[in-house]
Structure formats: C-alpha cells, structure tokens
Amino acid sequence: MKILGISGSLRDGSYNTRLLRAASELLPPDVELELWDGLKTVPPYDEDDDVQPAPAGVAALREAIARADAVLFATPEYNWSVPGVLKNAIDWASRPLASNPLRNKPVAVVGASTGAFGAVWSQAELRKVLSATGARVLEHEVAVGRAPTRFDDQGRLVDDELREQLGDVVAALVGELAAAPAPLAAIA
C-alpha cells in the first residue's frame, strides 16, 4: 500500500514536510509514504489551460494521486486558511469532478504552524475543500502549534503526545485502506 504525502508548504525547512516524515516513521512495514514535492510546478488554475495533455506539473500531480491508495495532507496556515499553492493544486486535481483522482480516495489532514493553534482553521478548510472533490475525508486531525519547539535540530517530531496523535491518524488512514472493498477488476 502507498500513501502519498503532500505538504502545503514550499519552504525548505517546512514543519509540515517534517510532520509528513514523522508520519512515515509510524507506518506499518507494508505501507510506504511517498512525499510529493512538485507543488511549485503546478501552474495557477485556468480553465482555458485545463486541456489534454495537461500541463506537466498538473499531470504529475494527478498521476501521483491516482497511483496512491490514500493521501495525507499537511497544511500550514496562511491568514487563517489554506495556502494558495495547496488550494490551487487541489483545484487542478479535482478536475473533471466526476472522475478526478481524489474521488473516493481516503485522505487525512494534519497541520503545523508557528502559532499556538497548529493550523486548526486551515485543516478544517482543507477538509471542506477535499470533501467537495469527492474524497473520503477522515475527521481526524493533528494540530502542531508552536512548531519550532516540537521538532529537534534534525527535524524529528519530539513531542510524544503529538507523535501519538499522528500515529492515530496514520492508523486510521491505514485502517480505511484495509477496510476498503476491492476494486471490481480485482474481484473478477
């Protein structure tokens, strides 16, 4: 099984990317987390550009989501909401609505921020947006507030309570995969 990790931060030292790396350490041995780092390559959404073939960054995003069994998003909070680059990528991935790669895909949202609340508003906004795409959104969250104090110099999550919460989200996402019915092609 493969979970795709998408960080909503472009910054090299991103706490949200660190959070996804911490999640990968909590996965069972038969589950892999692939960290997708192409957010910068996705152009601003413009319906006039939503043609085949899709722009390269968009095609890569859609393919990565389609190949994954589930997606784990980690979002910072910009002005109390989802970063524009992450929302833009989801807008691209959500097209066409009836057959987009997020449709019926299990997804979970976690977040980290330098503020006290750990991106709780952006997590709620992102869950709402993902629900609109047809994704199966888990109602779990991890809110890593005061992120600079929660990671060590090597980027490891050192807060045991947050690691436990992150483990619960990862377990729920893996459980969702295990409980999902087999595709019809696999049954035949």
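## Exercises on the strands around β3

In this structure, T75 of β3 sits across from G111 in β4. The model is predicted, so local features need pLDDT of at least 70 and side-chain atom pairs count only at pLDDT 80 or more, while totals for chains, interfaces and linings use all residues. Residues are numbered from 1 along each chain as its sequence is written, and side-chain values use heavy atoms, with hydrogens and water left out.

**Exercise 1. Find the strands that pair with β3, and name a bridge partner in each.**

Step 1. Locate the strand: β3 covers residues 70-75. Helices (H or I, at least four residues) and strands (E, at least two) are DSSP runs, numbered from the N terminus.

Step 2. Look for pairing, which requires at least two DSSP bridges between two strands. Strand β1 (residues 2-7) runs parallel to β3, with five bridges joining them. Strand β4 (residues 106-112) is also parallel to β3, again over five bridges.

Step 3. Pick out partners on the β1 side. G5 is bridged to L72 of β3, and S7 faces A74 of β3.

Step 4. Do likewise for β4: the residue opposite T75 is G111.

**Exercise 2. Work out how β3 is covered on its two faces.**

Step 1. Recall the pattern: in a regular strand, side chains alternate between the two faces of the sheet.

Step 2. Sort the residues. A70, L72 and A74 belong to one side of β3, and V71, F73 and T75 to the other.

Step 3. Check accessibility, where buried means under 20% relative accessible area (1.4 Å probe, protein chains only). Both groups are buried, leaving both faces of β3 covered.

Step 4. Conclude: six of the six residues are buried, so β3 is largely enclosed by the rest of the structure.

**Exercise 3. Repeat the analysis for β1, then follow the chain onward to β2.**

Step 1. On one side of β1 you find K2, L4 and I6, and on the other I3, G5 and S7; all are buried. With six of its six residues buried, β1 is therefore largely enclosed by the rest of the structure.

Step 2. Turn to its pairing with β2: the two strands are parallel and share five bridges. Here K2 lies opposite E32 of β2.

Step 3. Trace the path. From β1 the chain passes through α1 to reach β2, forming a right-handed β-α-β crossover. Right-handed says that, with the strands pointing away from the viewer, the path from the first strand over the helix to the second runs clockwise.

**Exercise 4. Identify the helix that completes a β-α-β unit with β3 and β4, and give the handedness of the unit.**

Step 1. The helix is α3, residues 84-93.

Step 2. Together, β3, α3 and β4 build a right-handed unit.

**Exercise 5. Describe where S122 sits and what it touches.**

Step 1. Place the residue: S122 is part of helix α4, which spans residues 120-133.

Step 2. Read its accessibility. The relative accessibility of S122 is 0%, so this residue counts as buried.

Step 3. List its contacts (heavy atoms within 4.5 Å). Leaving aside residues up to four places away in sequence, S122 touches T75, P76, E77, W80, S81 and V82.

Step 4. Link back to the start. T75, one of the residues that S122 touches, is the β3 residue that stands opposite G111 in β4. Nicely done!

Notes
Buried < 20%, exposed > 50% of the residue type's maximum accessible area, 1.4 Å probe, protein only.
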